[in-house]
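Below is a short briefing on one structure. It covers a cavity first and a sheet second.

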Amino acid sequence: MSLCGGSGPAAAPRLRPRAAQMARRPELLCGAAIVLGCAFLVALKVTCSRAKDVTMPAKLPVNFFSTRSPVIDLFRGQLDYADHLRQDSEIVLYFFYAPWCGQSIAAREEIEHVASRLSDQVLFVAVNCWWNQGKCRKQKHFFYFPVIHLYHRSFGPIEYKGPMSAVYIEKFVRRVMTPLLYISSRSKLLDFLSNYEPGVLGYFEFNASPQPPGYLTFFTSALHSLKKDYLGTIRFGVITDKHVAEEISLVHSGSVYLHRHVNTSLIYPNDIMNYTAENICKWALENREMLIRWLRPHGGKSLLLNNELKKGPALLIFIPYNPLAEIHPLLDEITKVALEYHNCNKSQAAEPDLQHLGDTDSPAFDSSVPDAHMKLPETFSITKYPCCNTVVLPQWHSISRTHNVCELCINQTLGVKPNKVHVPHCNFLEIEAALDSFYLQEHTFFQVISNTIECSNFLSFYSPFSYYTACCRTVNRHFLSFISSEKTIFQTPKVAFSSHGKKDNTQHSIPHIEDRNCFIPNLHISGINITGLSCRTNKTLNLYLLDSNLFWIYAERLGASRSTHLKEFAAIVDLKEEVHYVLDQNQSLVGSALENFIKNFSILYSPLKRHLVDDPSVHFHEQRVITEVTTNTFHNTVFLSEKNVLLLYYAQWCGFCASLNHVFIQLARLLPPDNFTVARIDTTRNDLPWEFMTDHLPTILFFPHQRKEQSVKFPEDFSVNLPNLLKFILHHSSLSSSEPCTKECLHKETVLQQGHISHLEREIQKLRSEISALHQAHDQLEAQLSEARREEHRLQQQKHTLEKQHKTLQLHSEQLQATYDQKNQELLEMAEKLQELADASENLLKENTLLRILVASREGKLQSKDEIKEPLQSEQTLSEDNDVSVSTATATLEEKRIDNIDTIETEHNSGNRTE
């Protein structure tokens, strides 16, 4: 059997010519190899190039807007055709969108709504700026979608960056349509000037020319203002009547007037600045008066709120607002409050200085009134309290410029919860320390000259837990003799309040200044004048408006109710002090409520309480191992509870806090639930008083029973594990050694210890059962491991067997390779012998041909001789001898040829058998 699969005799004719060709022309073999190599490289290149083309070609875009929509949809990005359409229209709105953009899809309905209302006056064109073959994608390079551009004839583009709401877009389009308001009468002028937004007025005489000099420049400046300020806070108007222009001192045509409510109004300085649209717009923007501003965050990663809150305390007012409405009663009321708040000139001229008490609370000391007839029913005294002292301030003291008489009272507090003062007499050293601290504090009270009583708390310089209360006022010098009399100018109030604002009938409690509304019976904030208050306090507020229909989520984060139907809310945010105050949502948002809210914040010692944001999403479970604490439940869970409380401060983003969950769960199961509470609080969703806040997470605080004010922090250098936490809790939960312990106390402690011992015994029994279960599991694991070891040993044996078989197979492979090489060598030698036989066969064929030619010539000669008759017999005999010799030679040559052919066939057959 041959390698090609054919028999020896049949394959021999095919092999001989190929071998002969390869032997004669070896360049053919090289050429064939080169051709095959080139074909392989071409195929490889084609395959690799096809592998890189893994993206599917983009599908053809489709209509983004409906075919019945008034918006022309250029969904193939034909920007050149859009520019062609703009040449025939006065007002054009371009809506550049991306079909995949969610905001573009959401704004599509709003654009259609605006187009349905203004399509007869404005051309609405939508352009797909994402199609890669469209001109819009090639010429415009937008970083966000959608983008709205407006053109007023050849002026533009004016980009709209406001909310993607139909009413706001329509309002902006109408402002672009009519950037100027034409004022032809005095009533229209008053309406224009009464608006809270800044206004720019230009006076032009239209009698001589339909377009007076400078009118187009002023018109373009109004469009420039919309281009630079998309909110449109500056309104532009044109006065066409000379007498109306004289009301605001405009005499010459082309004059421009900037109206301001509080500061002096301005007229454009033509002699200093060139009269161009850019200069007028720049002048108006730089000199405008912003009494109240609209904030419209675009919803992305905007720093708008952060930048505005950094400017100082801010009053954020959330109201539902419709830009297209003609009247806004609530906005007008807020505007009046803002105007009064910033009206400093009026306050200095006609209104008295800021006072903390009304006229009824501030009886004036008239020197003409006799001493015997003097009545002081409104004043109060704290002389009944044991640790109070009346002080006449020296003239060198800074406070004596505004107050010359103060009543100092000692109010000691320990930790967080103030304790009541039960000292029967006043300690001289404590009063001296109070005087030193008072003089060193350099407290400057708010009034410049005031006959009202003003109270404050200040911290002692000698003890961090001592606070003093000082109530000061100004008294005429010849009345200071009353201070030494039995009846002083300070009388006891009817009701005393504790520091938490709750009524307390105990006569020994010293109130804090936070409760001075009740400490001073006739204190009314209504006596404070709101007019010009921004100029008479160092806590000036920046007023901001937000549309609650769009930005109510910010109000909810500040503390607004989620279930309210009337979305009205006001809050004061002081970023520097990290506090914010909320207007009571039970009262309606009206001007008087805002005035009182601003007054309470502006006075020196504000009665407003810091609003603590609570997490409403927490659901409480009775059988929860770890108690979840919120702002509302913090006081009840930690301070009012009769248990020891371990509190963990954590956050959702804190990875280290999450790793402690299993430790606290084990700790909560070990500690007796009747005496210990393990709790946690999310500091990112819940606000706490400052003394309980932390800037490090995780933080662990322990509040011992009956000593909650002596809370202890878990050391940061200790690892948070179960043994360390148990040692920490057991060490700080025991009673202090300084406290005397009675028999009842000892009995309670014994009962408590017995309860602890029984609880620990139960826990030990549980641990023992768990240990036995662990031993059983250990035995099972040992059995499984032994079985696994046996299985591993068996697999190792199989591995060795397979390796031996692999070696045997490898040896067989080497032997077969050697046999293959040997047979290949024999085939090469046979091919060489075949080549030699082929050459010998060709030589024999040549010789045979020559012999045949010779025989033929001899036969021709014999025939010619037969025709000639020779008479002589000798000649016949000689011819016969010649014929015999020729025939003999011929026969000999024929026999040699036959012998050669037989030899070749024999060798060929032996070669086939060898193969």
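Which residues line the second largest cavity? In this predicted model, the lining consists of Tyr 196, Glu 197, Pro 198, Thr 233, Glu 289, Met 290, Leu 291, Ile 292, Arg 293 and Trp 294. The points below take up that cavity and then an open sheet of five strands.

**Cavity**

- Two cavities of 30 Å³ or more turn up when the whole structure is searched.
- The second largest cavity holds about 60 Å³ of space.
- By residue class, the lining of the second largest cavity has six nonpolar, one polar and three charged residues.
- Among the lining residues are Ile 292, Arg 293 and Trp 294, and strand E11 covers 292-294.

**Sheet**

- The open sheet has its five strands in the order E11-E17-E12-E18-E19, with mixed pairing.
- Strand E11 (292-294) and strand E19 (579-582) are the edge strands, each of them pairing on one side only.
- From one strand to the next, the twist averages 25°.

**Strands E12 and E18**

- Strand E12 (residues 314-319) and strand E18 (residues 569-574) run antiparallel and are joined by five bridges.
- Leu 316 has Ala 571 in E18 as its bridge partner.

**Helix on the sheet**

- Helix H17 (residues 591-602) packs on the sheet and touches E12, E18 and E19.
- The direction of helix H17 makes about 15° with that of E18.

Notes. Residues numbered from 1 in each chain as written. Predicted model: local features only at pLDDT ≥ 70, side-chain atom pairs only at ≥ 80, totals over all residues. Heavy atoms only, no water. 1 Å grid on protein atoms, 1.4 Å probe; cavity = no way out; pocket = protein on both sides within 12 Å on 5 of 7 lines; lining within 4 Å. Points joined across faces, edges and corners; volume = space filled by probe spheres on them. Nonpolar A, V, L, I, M, F, W, Y, C, P; charged D, E, K, R; others polar. Pairing = 2+ DSSP bridges. Helix = DSSP H or I, 4+ residues; strand = E, 2+ residues; numbered from the N terminus. Axes fitted to C-alpha atoms, helices over the stretch in contact; angles between N-to-C directions. Contact = heavy atoms within 4.5 Å.
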